[in-house]
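Colleague: I'd like to learn how to read a model like this one on screen. Could you walk me through it?

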Amino acid sequence: MTDSARPEHLPRHGAPALALGHAELPDEAATAALADAIAPALAAGSIIFLCGELGAGKTSFARSLLRALGYQGRVKSPTFTLVELYNLSRFELYHFDFYRFTHEEEWLNAGFDELIGSSAAVSLIEWPERAGEGLPAPDLTVRLRYRDDRSTGRSAQLEAFSAPGVACLNAACAAGCCSLG
Ligand SMILES: Nc1ncnc2c1ncn2[C@@H]1O[C@H](COP(=O)(O)OP(=O)(O)OP(=O)(O)O)[C@@H](O)[C@H]1O
Ligand SMILES: [Mg+2]
């Protein structure tokens, strides 16, 4: 989907973030708590970019988010399938992983432009950088980083680019999982 095909209120590429947040995630439970806090605020149609190097915790975050949204089955990493679909009570959720893409147009060739940003679904996208600028801009970016205590320590930077993204960020802050700025 091109930016021009997206509804007016959705974010544009390169637009500055409307709000920023920071979360310290000393262990996996803290990452799960962040996902738990965001889940109730997540709106159908939202796009979340999950960024961070290999093993940073993108799939762990997605798994916790799915659990918090009521999914009880096994959450597989989509590294090899490229996308996993979940039929949840509130919306469908597409969990993408573009790690294996070597060309920016591969997500289009795979037909994913039909899915990403659809108003009835949430899209979680790991390795969105691999799809380049053609990908619709996100409502929220969660950027996971290793901390010095590399075995379990992570931190996350959250950037909200739309009102639905800000709602997620505010929910995380209200739960004490994140601080603004
Ligand atoms: N604070 C933490 N938050 C999330 N995961 C953590 C944390 N501490 C340790 N881990 C571990 O780090 C690993 C994260 O793996 P995960 O598959 O989620 O990473 P990923 O970012 O999706 O990697 P990839 O780029 O390969 O898809 C898991 O083994 C998880 O148990
Ligand atoms: Mg992953």
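Modeller: Let's go through the sheet, then a helix, then the ligand, bearing in mind that this is a predicted model.

Colleague: Fine, the sheet. How many strands form it, and in what order?

Modeller: The general idea is that strands of a sheet pair through backbone hydrogen bonds, either parallel or antiparallel. Here 8 strands form an open sheet, and its order is β3-β4-β5-β2-β6-β7-β1-β8, with mixed pairing.

Colleague: Which are the edge strands?

Modeller: Look for strands that pair on one side only: those are β3 (83–87) and β8 (179–180).

Colleague: Let me start from β3, then. How do β3 and β4 run, parallel or antiparallel?

Modeller: Antiparallel, with 5 bridges joining β3 to β4 (residues 92–97). A hairpin of 4 residues takes the chain from β3 into β4. To find your place, click on L85: Y94 in β4 stands opposite.

Colleague: And β4 with β5, parallel or antiparallel?

Modeller: That pair is parallel, and 6 bridges join β4 to β5 (residues 121–126). A handy landmark is F96, whose bridge partner in β5 is I125.

Colleague: On to helices. What span should α4 have?

Modeller: You count 1.5 Å a residue, so the 12 residues of α4 (residues 163–174) should span 16 Å. The C-alpha atoms at the two ends are 16 Å apart, which agrees.

Colleague: Which residues of α4 are buried?

Modeller: P164, G165, C168, L169 and A172 are. Look down the axis of α4 and those buried residues fall within an arc of 145°, so they line one face of the helix.

Colleague: What does that buried face pack against?

Modeller: The buried residues of α4 pack against three strands and a helix: β1 (19–25), β6 (140–146), β7 (154–160) and α1. Just after α4, have a look at G176 too, which takes a positive phi of about 80°.

Colleague: Last stop, the ligand. How many residues surround ligand 1, and which are the closest?

Modeller: There are 19 around ligand 1, and the closest are T31, G57, K58, T59 and S60. The elements giving two or more residues to that shell are α1 (28–38) and α2 (58–68).

Colleague: How do the residues of the shell divide into nonpolar, polar and charged?

Modeller: The shell around ligand 1 has 9 polar residues, 5 nonpolar and 5 charged.

How values were computed: Residues numbered from 1 in each chain as written. Chains lettered and ligands numbered in written order. Predicted model: local features only at pLDDT ≥ 70, side-chain atom pairs only at ≥ 80, totals over all residues. Near = placed C-beta within 6 Å. Nonpolar A, V, L, I, M, F, W, Y, C, P; charged D, E, K, R; others polar. Expected span 1.5 Å × (residues − 1). Buried ≥ 20, exposed ≤ 12 C-beta atoms within 10 Å, placed from the backbone. Arc of directions from axis to C-beta. Contact = placed C-beta atoms within 7 Å. Pairing = 2+ DSSP bridges.
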